[in-house]
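Subject: Structure handover and notes

Dear colleague,

I am handing over the structure that we discussed, and my notes on it follow directly below. Please read them alongside the coordinates.

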Amino acid sequence: MLSNIKHLAHKLTPLLIDIRRHLHSHPELSGQEYQTAAYVAGVLSAHGLSVQEGVGKVGVVGELRGQNAVSRLLAIRTDMDALPIQERTGLDYASQHSKIMHACGHDVHTAVGLGTALVLAQVAQELLGNVRFLFQPAEELAEGAAWMIQDGVMDKVTAILSLHVFPSIPAGSVGIRYGALTAAADDLEITIHGESGHGARPHEAIDAIWIASQVITTLQQAISRTQNPLRPVVLSIGQIQGGRAPNVIADHVQLLGTVRTLHPETREKLPAWIEKIVANICGSYGARYEVNYGRGVPSVQNNLALSQLLETAAQEAWGKERVQILTEPSLGAEDFSLYLEHAPGSMFRLGVGHKDKPNYPLHHPQFEVDESSIVTGVVTMAYAAYKYWQQSY
Ligand code: NI
């Protein structure tokens, strides 16, 4: 089966490179992937999959029937959106859309997702269950997965797989992660209300700027002294607003930040923990406050058995030396985690790094992939999908 999948994937590779370059030249922003979605739907239905459009607003779902429709249902998730970045790669198939760029490799994801669907469609008789291909919009806003789930794409799904390109792994290799892959990313908004006054007479005012500085400093120190250092908390205040004049004490300061955690139990306790610190400081100096803790996407927690499935599939396909076991998670965020609230899953990292030229990071205007990674992604995903029904999970 593996050699059959490899053969089919290699035969498809020129088409998949064309598809990827077409998508790269025509990137679309999150939630506006209309042309991309229509293109994806066209390719899927041309190859015999049953296709539903307009799922999750702009998403596409393709269904492939294997031998046994009542068996477990595997979903494969692909994101399709681009970023508001002006491309500076100088490629002859660079973005034709001003200030929009596939700088996170979702063009590669889409080509690999389509390639996987096309390969599996040709071996459908050998599959012991059905596969549902999810092409989601708006991953960069961390909203698309929720839209798709709301439209029922996870109904009856028993496992879900996905991948993300990774420039620091060379093309031809993949990275497998057991457990936490990405962090929960939450929004924090703290408002401090003091009392305005003359800069020369601080005792007649309540200085919101000084209190805000205490809050920021204490939060950072308290993380280091009260949070388990083996369970990371990153709290970054990225925006601060307050005050009107150099000689007027500010009556009002707003702090905006992001909070990243890997462990659900840590995340659970943070809103109350932050509020207590803010309340204590503000209380000491007579200020009022508001804390709004906005929950973003949770941490991606890869299922161990499904990571094992991906590792075994990749090792059999490419050999041990081309499979890296990732020892560290990332504190970035990924809305793949929302699907994992409905079924176990695992996401692997697809190496796209060039061996002979510099590799720019994701979201960089010069980010560029080694396209030989596409066949690696297709074979790894298609073979893992085939193997999914070979054992119980
Ligand atoms: Ni991405």
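Helix 7 (residues 304–318) lies across strand 5 (157–170), strand 6 (174–176), strand 15 and strand 16 (345–353), and runs at about 35° to strand 16. Here helices (H or I, at least four residues) and strands (E, at least two) are DSSP runs numbered from the N terminus, contact means heavy atoms within 4.5 Å, and axes are lines fitted to C-alpha atoms, for helices over the stretch in contact, with angles running from 0 to 180 degrees between N-to-C directions.

This is a predicted model, in which local features need pLDDT of at least 70 and side-chain atom pairs count only at pLDDT 80 or more, while totals for chains, interfaces and linings use all residues. Residues are numbered from 1 along each chain as its sequence is written, and side-chain values use heavy atoms, with hydrogens and water left out.

The strands just named belong to an open sheet of eight strands, ordered 1-2-4-3-5-16-6-15 with mixed pairing, where two strands pair if DSSP finds at least two bridges between them. Its edges are strand 1 (50–55) and strand 15 (323–325), each of which pairs on one side only, and the twist from one strand to the next averages 25°. Strand 1 runs antiparallel to strand 2 (residues 59–64) and is joined to it by five bridges; Glu53 has Val60 of strand 2 as its bridge partner.

Strand 5 also contributes to a metal site. The protein donors of the nickel ion are Cys104 (SG), His106 (NE2) and His164 (NE2), at 2.1 to 2.3 Å from it, donors being N, O and S atoms within 2.8 Å of the metal (3.2 Å for Na, K and Ca); water is not among the atoms, so sites may look incomplete. Cys104, in the loop between strand 3 (73–79) and helix 3, and His164, in strand 5, are 60 residues apart and link distant parts of the chain. Cys104 is buried because its relative accessibility is 6%, where buried means under 20% relative accessible area, exposed over 50% and partly exposed in between (1.4 Å probe, protein chains only).

Finally, the axes of helix 1 (residues 2–25) and helix 3 (residues 106–122) come within 9 Å and cross at roughly 145°. Among the residues making this contact are Arg20 of helix 1 and Asp107, Val108 and Ala111 of helix 3. Arg20 counts as buried because its relative accessibility is 2%.

Best regards
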